[in-house]
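Notebook open, structure on screen. I want to jot down what I looked up, entry by entry.

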Amino acid sequence: MRTAIRANVLCCAGTGCTASKSDEIFNNFNEELKKLGLDEEVKVIKTGCFGLCQKGPIVAIYPDKTFYCHVKPEDVERIVSEHLYKGRHVTELELSDEDLETNETIYDIDKIKFYEKQNRIALRNCGKINPEDIQEYIAVRGYEALGTALTEMTPQQVIDVVKASGLRGRGGAGFPTGNKWQFEADQPGDEKYVICNADEGDPGAFMDRSILEGDPHAVLEGMALMAYAVGAHKGYIYIRAEYPIAVHRLNIAIDQARELGLLGDNIFGTGFSFDIEIRLGAGAFVCGEETALIASIEGRRGMPTPKPPFPAVSGVWGKPTSINNVETLANVAQIVLNGSDWYSSMGTEKSKGTKVFALGGKIKNTGLVEVPMGTTLREIIYEIGGGCPNNKAFKAVQTGGPSGGCLTEQELDTPIDYEHLVAAGSMMGSGGMIVLDEDNCMVDVARFYMEFIVDESCGKCTPCRVGTKRLLEMLNEIIAGRGSMELLDKMEELCYEIKDTALCGLGQTAPNPILSTLSHFRDEYIAHVVDKKCPAHVCKSLLTYEIDKDTCKMCSLCARACPAEAITGVQGKEPYEIHQTKCIKCGNCMNACRFQAVTRV
């Protein structure tokens with residue numbers, strides 16, 4: 001007789017926790033449970049990302065609803081013996097009271113402050129089910145929407161539901177999803193295609209990766225619904241090869257769906273056939289642009305082409321094609337299941353539903369956040385993210401990745417939706433949200449994004465290929481202390497020329513990081529070119545290290561730490577001094593001094 005399962009141990013197996021030995025934690029649980037004879041009554045499950053990445057590796061135990069964080073492999077023996085064998089929680093590994101809305105020891109995940117204002121739709125199953133077991137997805141109404149659509153709805157009715165929901169593309173452009181599907185459905189011919197764009201390339205963005213790692217069947221079901229709606233029978237998932245865990249779980253999910261007849265021929269006995277093929281990208285940022293993505297799928301160099309024709313008319317292999325990103329597709333089955341009114345009741349007038357953000361940078365609670373459209377930046381950064389660590393002052397938040405812009409404290413009450421972010425000088429993008437504090441130099445931030453853009457430019461058009469490189473050279477001159485007000489004017493002028501003349505959307509938005517920082521932090525640029533100082537003390541060429549003679553204890557620690565022998569003095573007799581012509585500005589002296597005698601100006 002089979003032993004009843006009395007507890008489930010959920011181990012996060014997303015990329016972040018896997019990098020912190022969650023695989024070893026998972027294996028240790030199985031070994032320790034077997035030692036105590038508990039392996040038949042306690043089940044250990046690998047899940048996707050819980051979202052609260054800052055607390056990882058995470059282990060949740062149900063039905064106790066216990067949330068252990070920062071778990072190490074060596075902690076497992078204690079959790080098994082104390083919690084699962086003796087019934088006593090390991091309280092020092094539980095989430096601290098400051099992270100909770102309650103002081104109860106046993107709590108529901110919804111009582112954690114990080115999740116309190118979230119509404120998880122695209123992330124609904126991440127951290128809750130085993131992504132490598134299709135039966136667990138089916139148990140939470142998985143593939144029910146596909147069955148309903150194929151047996152009870154016409155393709156046009158599926159399109160109409162998606163249209164009425166107000167769902168817009170979550171990849172950045174925000175184009176109405178139902179309208180995109182309608183364009184393809186209206187095209188003549190029987191050979192049509194659908195594509196899932198999983199080429200997530202923004203620095204700091206990991207929304208799509210986490211959905212694919214934690215709930216791959218949601219995306220497969222969304223693709224099948226899209227294919228049925230537009231009349232396609234073949235789909236491609238274009239995903240970068242740098243996502244090995246996501247690729248692995250997608251392959252497993254596709255095989256499982258085929259085995260159960262949820263992909264392949266005659267799905268649900270309706271005569272509808274649809275299958276999916278994975279295509280690996282080589283990590284080119286430009287392949288996030290749909291025409292470059294199509295070229296890469298076809299085996300050509302990933303470079304954009306002018307529009308029209310749009311992919312809905314002539315896409316992959318010259319046939320009508322619809323392309324949606326991972327997050328967009330993860331919403332589709334829930335819309336079909338729950339109805340358009342349910343989805344459109346969330347969000348704002350023009351931006352419906354929820355949006356997933358990868359919250360990172362100078363923030364206490366880094367991780368994945370899914371909130372209703374219209375939630376303010378302040379709510380995400382302070383109420384969900386917990387604000388900047390170490391009592392540092394908030395300075396800016398970069399949204400939209402390299403194509404977006406920086407927003408300041410004055411914009412913190414901006415509702416997050418497509419229209420408001422653009423009006424504030426940034427954009428939604430795919431969902432990257434990088435928080436910056438007082439220690440960040442905004443000129444250096446612009447340089448970071450411009451370096452990325454120069455490296456990732458496909459080189460097809462001159463404005464992007466040459467123009468962005470000239471912008472980077474100008475930024476490097478400013479950071480090196482060789483800038484001028486005239487150079488600032490030339491740089492700004494070049495930004496607008498690139499925006500007006502670049503071939504694709506990526507090139508046209510490439511100058512945004514410079515333009516937004518110039519708009520909001522022009523004083524920092526002026527300090528670099530006029531005063532030859534970096535107010536944030538980041539740009540090495542503009543730094544000066546000095547020793548205060550009155551504070552110096554003449555201990556020689558700074559001199560011994562200096563690799564350039566730029567510090568002289570006599571131990572115990574004469575205060576030390578930094579010779580600026582020799583100083584390489586490494587900061588070793590400041591780190592070595594125990595008496596705060598070394599200052600950086």
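Before the loops, a note on naming: helices (H or I, at least four residues) and strands (E, at least two) are DSSP runs, numbered from the N terminus. This is a predicted model, so I took local features only at pLDDT of at least 70 and side-chain atom pairs only at pLDDT 80 or more, while totals for chains, interfaces and linings use all residues. Residues are numbered from 1 along each chain as its sequence is written, and side-chain values use heavy atoms, with hydrogens and water left out.

**Odd phi angles**

I looked up asparagine 390 and found it in the loop between helix 15 (377-384) and strand 12 (394-399). Its phi is near 60°, a positive value in a residue other than glycine. Is asparagine 390 buried or exposed? I have asparagine 390 down as exposed, because its relative accessible area is 66%. My cut-offs: buried is under 20% relative accessible area, exposed is over 50%, and partly exposed is in between (1.4 Å probe, protein chains only).

Arginine 141 also caught my eye: it is not a glycine, yet its phi is positive, about 70°. I located arginine 141 in the loop between helix 5 (134-139) and helix 6 (144-152). With a relative accessible area of 41%, arginine 141 goes down as partly exposed.

**Cis peptides**

I noted a cis peptide bond between glycine 56 and proline 57, with omega about -10°. Proline 57 sits in the loop between strand 2 (42-47) and strand 3 (59-62). The bond from tyrosine 62 to proline 63 is cis too, with omega near 10°. I placed proline 63 in the loop between strand 3 and strand 4 (66-68).

**Cysteines**

How many disulfides does a search of the whole structure find? My search came back with zero. The test is a pair of cysteine sulfur atoms within 2.5 Å. Why is cysteine 126 without a bond to cysteine 49? The sulfur of cysteine 49 is the closest cysteine sulfur to that of cysteine 126, but at 7.2 Å it is too far for a bond. Cysteine 534 is in no disulfide either; its nearest cysteine sulfur, in cysteine 441, is 3.7 Å away. I have cysteine 126 as buried at 3% relative accessible area, and cysteine 534 as buried at 3%.

**Two glutamates**

I found glutamate 289 in the loop between strand 8 (272-281) and helix 12 (290-297). It counts as buried because its relative accessibility is 11%. Leaving out residues up to four places away in sequence, glutamate 289 touches Pro304, Lys307, Cys504 and Leu506; contact here means heavy atoms within 4.5 Å. I also noted a side-chain polar atom of glutamate 289 lying 2.9 Å from the backbone nitrogen of alanine 292. Aspartate 199 is 90 residues apart from glutamate 289 along the chain, with 9.2 Å between their C-alpha atoms.

Glutamate 524 is in helix 22 (residues 522-531). I logged glutamate 524 as buried, at 6% relative accessible area. Its contacts, with the same sequence neighbours left out, include Lys395, Asn440, Cys441 and Pro535.

**A helix pair**

I checked helix 7 (residues 155-165) against helix 8 (residues 177-185): they pack at about 155°, with axes 7 Å apart. That makes helix 7 roughly antiparallel to helix 8. Angles over 145 degrees count as roughly antiparallel, and they run from 0 to 180 degrees between N-to-C directions, with axes fitted to C-alpha atoms over the stretch in contact. Among the residues that meet are Val158, Ile159 and Val162 in helix 7 and Trp181 and Ala185 in helix 8.

Key: A polar contact is a pair of N or O atoms within 3.5 Å; within protein, one must be able to donate a hydrogen and the other to accept it, and residues adjacent in sequence count only if both atoms are side-chain atoms. Angles under 35 degrees count as roughly parallel, over 145 as roughly antiparallel, 65 to 115 as roughly perpendicular and the rest as oblique.
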